[in-house]
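Me: Hey, can you walk me through this protein? I'm new to this, so plain words please.

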Amino acid sequence: MKRFNAKLLLFGEYGLMVGAKALAVPFSHFKGSLEFVSENAPDNFKNSQLELDRFVSYFHHHQLNKNMNFPLHLEEIKKDLERGLYFESDIPLQYGVGSSAALCAAIYEHYGNYHLDLKEVKDKKNLLSVLKHDFSVMEAYFHGQSSGFDPLVSFVNRPVLLADKQIDLPPAQLKTPGYSVYLLDTEVKSPTAPLVRLFLDKMKDKFFEERFRSEFLPSNDLAIQSLLTGQTRELFKQLSLLSAFQIEYLQEMIPAHFRQIVGDLLGAGIPVKLLGSGGGGFLLAFVPEGVTFPEKVKSLQVT
């Protein structure tokens, strides 16, 4: 069946929940697809089947198809589960690169009532909003709350920009002149839902909320603008501000054993920021041209 790429939420983590701009890109290094059990099936396919069965039961019990623009064929999924359906994926779980997003995209592709060719639809922005809504309903099963943004990226397999509730598709290839992007492996898994709850609790504190809205959100939006327009100097200025903010105000989202590393890298001119909710998984590092990334930090180069 069709394979769906992982995703990288470059900007918009947490801010996405309070109206910030967000930019995410598909990441073809990791992929996932719905398959039927065969001789080549991985040993853990039963875990995937169990999760799919729970997803279907959750959707059915809460009658969530009523909230979908394009409802899912739940009975068809159940029948295929009996035939050996599972999700085959090399996307790391709880690592911030969209394992649940790719799964939602795959389910929607094969079991949704969606029969439109995105390339032929004239009103793409409206359709993208419709799809994003459906994905928010689906992915909430995994995270408790979801914007639907991540599965949309995997589904359309294009960079997606969310700005002022409008969805756009920037150029298919985002260039990074003058710098490279790395994923730093914290070697710690981290579920999203508890961190989302922690952030929402933080937003109840007036001091934190004011700092977040007056410092984090403007830098987030300017960083996106700078990346899309190729303004590298301004991008690194805003990245440094974002990194410093997260070190000071969102340090719970940075694994304890990585906080010193993040601070040291920032001091060396390499800003590091959360990738999604944080807490573990991968972190994003932006490395200026001419600066050597330290080999002692386990990493994966993106660009």
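Me: Which residues does Ser-100 touch, leaving aside its neighbours within four places in sequence?
Reply: Those would be Glu-139, Phe-142 and His-143. Keep in mind that this is a predicted model.

Me: OK. And where is Ser-100 found?
Reply: Ser-100 belongs to helix H3, which covers residues 99-111.

Me: Is Ser-100 buried or exposed?
Reply: Ser-100 counts as buried, because its relative accessibility is 9% and buried means under 20%.

Me: Let's switch to helix H2. Which of its residues are buried?
Reply: H2 runs over residues 74-82, and Leu-74, Ile-77, Asp-80 and Leu-81 are buried there.

Me: Why do you say those buried residues line one face of H2?
Reply: Look down the axis of H2: the buried residues fall within an arc of 120°, so they line one face of the helix.

Me: What covers them, then?
Reply: The cover includes strand E2 (22-36), helix H1 (45-61), strand E3 (85-89) and H3. H3 is also the helix where you found Ser-100.

Me: And which exposed residues sit on the face of H2 turned away from the buried side?
Reply: That face carries Lys-79 and Glu-82, which are exposed.

Me: What happens just after H2?
Reply: You get to Gly-84 there, and this glycine takes a positive phi of about 105°.

Me: New topic: at what angle do H7 and H8 pack?
Reply: The angle is about 150°, and the axes of H7 (residues 206-229) and H8 are 8 Å apart. That makes H7 roughly antiparallel to H8, since angles over 145 degrees count that way. Their crossing is left-handed.

Me: Which residues make that contact?
Reply: There's a long list. From H7 it includes Phe-207, Phe-208, Phe-212 and Phe-216, and from H8 it includes Leu-235, Leu-241, Leu-242 and Phe-245. By class, the contact of H7 with H8 divides into 12 nonpolar, 5 polar and 3 charged residues.

Me: How about H8 and H9, where do their axes cross, angle-wise?
Reply: They cross at roughly 155° and come within 11 Å, with H8 being residues 232-249 and H9 residues 259-267. H8 and H9 are therefore roughly antiparallel to each other. This crossing of H8 and H9 is left-handed.

Me: Who's touching whom there, and how many charged residues are in the contact of H8 with H9?
Reply: On H8 it's Ser-240, Ser-243, Ala-244 and Ile-247, and on H9 it's Val-262, Gly-263 and Leu-266. The contact of H8 with H9 has no charged residues, with 4 nonpolar and 3 polar ones.

Terms used: Residues are numbered from 1 along each chain as its sequence is written. This is a predicted model: local features need pLDDT of at least 70, side-chain atom pairs count only at pLDDT 80 or more; totals for chains, interfaces and linings use all residues. Side-chain values use heavy atoms; hydrogens and water are left out. Axes are lines fitted to C-alpha atoms, for helices over the stretch in contact, and angles run from 0 to 180 degrees between N-to-C directions. Helices (H or I, at least four residues) and strands (E, at least two) are DSSP runs, numbered from the N terminus. Angles under 35 degrees count as roughly parallel, over 145 as roughly antiparallel, 65 to 115 as roughly perpendicular and the rest as oblique. A crossing is left-handed if the near helix is turned anticlockwise from the far one by less than a right angle, and right-handed if clockwise. Contact means heavy atoms within 4.5 Å. Ala, Val, Leu, Ile, Met, Phe, Trp, Tyr, Cys and Pro count as nonpolar, Asp, Glu, Lys and Arg as charged, and the others, Gly among them, as polar. Buried means under 20% relative accessible area, exposed over 50%, partly exposed in between (1.4 Å probe, protein chains only). The arc is that of the directions from the helix axis to the C-beta atoms.
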